[in-house]
Amino acid sequence: MARIIDLLAAGRTFSFEFFPPKTDAAQLSLGRTIAELETLHPAFVSVTYGAGGSTRERTRDLVVWMRKETNISPMAHLTCVGHTRADIDAILDTYQAAGIENILALGGDPPTDPADVRPSDYEYALDLVEHLRNRGGFSIGVAAHPEGHPRSASRAADRKFLADKLRHADFAITQFFFEAEHYVRMIDELAALGVSKPVIPGIMPVTNRGQVQRMAELSGAVFPAWLADRLDGVDDADEVRRIGVDAATELCAELLAAGAPGLHFYTLNRSTATREIYANLGLPVS
Ligand code: FAD
């Protein structure tokens with residue numbers, strides 16, 4: 001297994017994100033996806049965590065299963081919202097016992113229903129990063145938001161908090177975006193703040209227009225007019241995916257040309273779009 005900080009030091013990383021499945025059928029489908037994506041030799045894969053702990057056991061089970069049963073290094077996501085120090089330590093104890101070496105430390109989104117609010121010892125992702133750093137033993141990643149985080153007062157304020165967070169973490173992975181200029185501007189702004197840690201762009205190929213547009217609205221990413229124009233009037237699912245894959249391929253090529261230290265694909269637990277982008281980019285497959 002490998003620490004992501006070491007993988008990034010050795011060269012570009014290509015990696016995939018999964019979410020923990022809810023049903024037996026979804027579990028089987030994810031098993032097939034992982035088998036298909038293993039042939040692309042990802043440097044690591046990551047598993048999301050439901051803010052507030054809604055997927056606590058399912059995230060842990062998937063991460064530990066991947067560590068034991070596949071050759072891929074897993075990274076577990078972990079969020080601050082609704083977690084005490086004891087909750088976090090219990091989760092980290094399990095991961096350390098299972099040989100998990102990578103954690104993505106996240107703020108998480110606060111619950112919309114006041115009835116779901118639970119006590120939390122951590123306000124921001126930085127608090128969790130500091131806890132992980134004091135404990136030792138993990139390579140630590142954080143989230144970056146190229147177009148600014150929706151709850152931040154301004155992009156400048158968000159960049160300052162990101163820079164503070166990255167000074168303590170090893171690397172960042174970005175929220176998805178559709179135009180390379182957002183990423184390049186963020187890297188320049190971080191450099192101006194004296195931070196040059198690796199920031200891996202997150203790639204979301206459009207395979208379902210409505211779903212990706214909704215996610216973009218929630219995360220503060222602009223769905224550009226040129227992409228909407230390409231998709232307007234297209235109902236056939238395969239044609240939507242072809243357009244989405246072409247746009248994502250162009251974005252990936254621009255990001256690699258701009259010096260990105262890797263690419264992280266939001267797979268939505270499917271393999272086809274990621275495999276097609278790999279083929280378009282001429283990345284190694286076996
Ligand atoms: P933080 O770094 O805590 O920032 C949150 C907000 O607070 C920002 O607006 C920031 O500018 C501001 N801020 C930071 N520090 C301060 C301060 N000291 N004072 C005032 N304001 C401050 N969510 C999940 O629930 N589960 C997941 O598995 C998950 N995976 C993700 C993976 C990636 C790669 C990304 C990019 C996001 C992911 N998210 C996930 C979403 C994430 O939890 C939300 O975007 C969340 O709202 C912010 O998380 P953060 O880690 O950026 O938080």
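## Exercises on pockets, ligand shell and cavities

Asn 269 is buried, with a relative accessible area of 8%. The structure is a predicted model, and the exercises below work through its loops, its ligand site and its enclosed spaces.

**Exercise 1. Place Asn 269 and Leu 268 in the fold, and compare their phi angles and burial.**

Solution.

Step 1. Locate the residues. Asn 269 sits in the loop between β8 and α11, and the loop between β8 and α11 also holds Leu 268.

Step 2. Read the backbone angle. Phi of Asn 269 is near 65°, a positive value in a residue that is not glycine. Leu 268, not a glycine either, has a positive phi of about 50°.

Step 3. Assign burial. The cut-off for buried is under 20% relative accessible area. Asn 269, at 8%, is therefore buried. Leu 268 has 24% relative accessibility and so counts as partly exposed.

**Exercise 2. Describe the second largest pocket by volume, lining and residue class.**

Solution.

Step 1. Take the volume, which is about 380 Å³.

Step 2. List the lining. There are 21 lining residues, and those nearest the centre of the pocket are Thr 207, Thr 267, Leu 268, Asn 269 and Arg 270. Both loop residues of the previous exercise, Leu 268 and Asn 269, are thus in this group.

Step 3. Trace the lining to helices. At least two residues come from each of α2 (24-38) and α11 (272-281).

Step 4. Sort by class. The lining holds nine nonpolar, nine polar and three charged residues.

**Exercise 3. Characterise the surroundings of the ligand, beginning with its closest residues.**

Solution.

Step 1. Count the shell. The ligand is surrounded by 24 residues, with Tyr 49, Gly 107, Asp 109, His 149 and Asp 158 the closest.

Step 2. Look at side-chain polar atoms close to ligand oxygen. For Asp 158, a polar side-chain atom is 2.6 Å from an oxygen atom of the ligand. For His 149, an N or O atom of the side chain lies 2.8 Å from a ligand oxygen. For His 145, the distance from a polar side-chain atom to an oxygen atom of the ligand is 2.8 Å.

Step 3. Work out the cover. On its own the ligand has 980 Å² of accessible area, and the protein covers 84% of this.

Step 4. Assign the shell to elements. Two or more residues each come from β3 (73-79), β4 (102-106), α6 (155-168) and β6 (171-176).

Step 5. Sort by class. The shell contains 10 nonpolar, 10 polar and four charged residues.

**Exercise 4. How many cavities of 30 Å³ or more are there, and what lines the largest cavity?**

Solution.

Step 1. Count. There are two cavities of 30 Å³ or more.

Step 2. Take the largest cavity. Its volume is about 70 Å³. Its lining includes Phe 177, Phe 178, Ile 203, Trp 226 and Leu 251.

Step 3. Find the contributing helices. α9 (225-231) and α10 (237-257) each give at least two residues to the lining of the largest cavity. The largest share, four residues, is from α10.

Step 4. Sort by class. The lining of the largest cavity has 11 nonpolar residues, one polar residue and no charged residue.

Step 5. Turn to the second largest cavity. It holds about 50 Å³ of space. Among its lining residues are His 145, Glu 147, Gln 175, Phe 177 and Ser 219. The classes here are four nonpolar, five polar and one charged.

Step 6. Link the sites. Phe 177 lines the largest cavity and also the second largest cavity. His 145 lines the second largest cavity and has a polar side-chain atom 2.8 Å from an oxygen atom of the ligand.

**Exercise 5. Is Asp 170 buried or exposed, and which side chains does its own side chain contact?**

Solution.

Step 1. Locate Asp 170: the loop between α6 and β6.

Step 2. Apply the cut-off. Buried means under 20% relative accessible area; Asp 170 has 9% and is therefore buried.

Step 3. List partners. The side chain of Asp 170 has a polar contact of 2.9 Å with that of Arg 133. A further polar contact, of 3.1 Å, links the side chains of Asp 170 and Ser 139.

**Exercise 6. For Gly 262 and Pro 42, set separation in sequence against distance in space.**

Solution.

Step 1. Take Gly 262, in strand β8 (residues 262-266). Gly 262 is buried, with 0% relative accessible area. Between Gly 262 and Pro 198 the separation is 64 residues in sequence, and the C-alpha to C-alpha distance is 8.8 Å.

Step 2. Take Pro 42, in the loop between α2 and β2 (44-47). Its relative accessibility is 10%, so Pro 42 counts as buried. Pro 42 and Phe 14 are 28 residues apart in sequence, with 5.4 Å from C-alpha to C-alpha.

Conventions:
Residues are numbered from 1 along each chain as its sequence is written. This is a predicted model: local features need pLDDT of at least 70, side-chain atom pairs count only at pLDDT 80 or more; totals for chains, interfaces and linings use all residues. Side-chain values use heavy atoms; hydrogens and water are left out. On a 1 Å grid over the protein atoms alone, a cavity is a set of points where a 1.4 Å probe fits but cannot get out, and a pocket is an open set with protein on both sides within 12 Å along at least five of seven lines; lining residues have an atom within 4 Å of a point. Grid points are joined across faces, edges and corners, and a volume is the space filled by probe spheres set on the points. Ala, Val, Leu, Ile, Met, Phe, Trp, Tyr, Cys and Pro count as nonpolar, Asp, Glu, Lys and Arg as charged, and the others, Gly among them, as polar. A residue is near a molecule or strand if one of its heavy atoms lies within 4 Å of it. A polar contact is a pair of N or O atoms within 3.5 Å; within protein, one must be able to donate a hydrogen and the other to accept it, and residues adjacent in sequence count only if both atoms are side-chain atoms. Accessible areas come from the Shrake-Rupley method with a 1.4 Å probe; for residues, only the protein chains shown count as cover. Buried means under 20% relative accessible area, exposed over 50%, partly exposed in between (1.4 Å probe, protein chains only).
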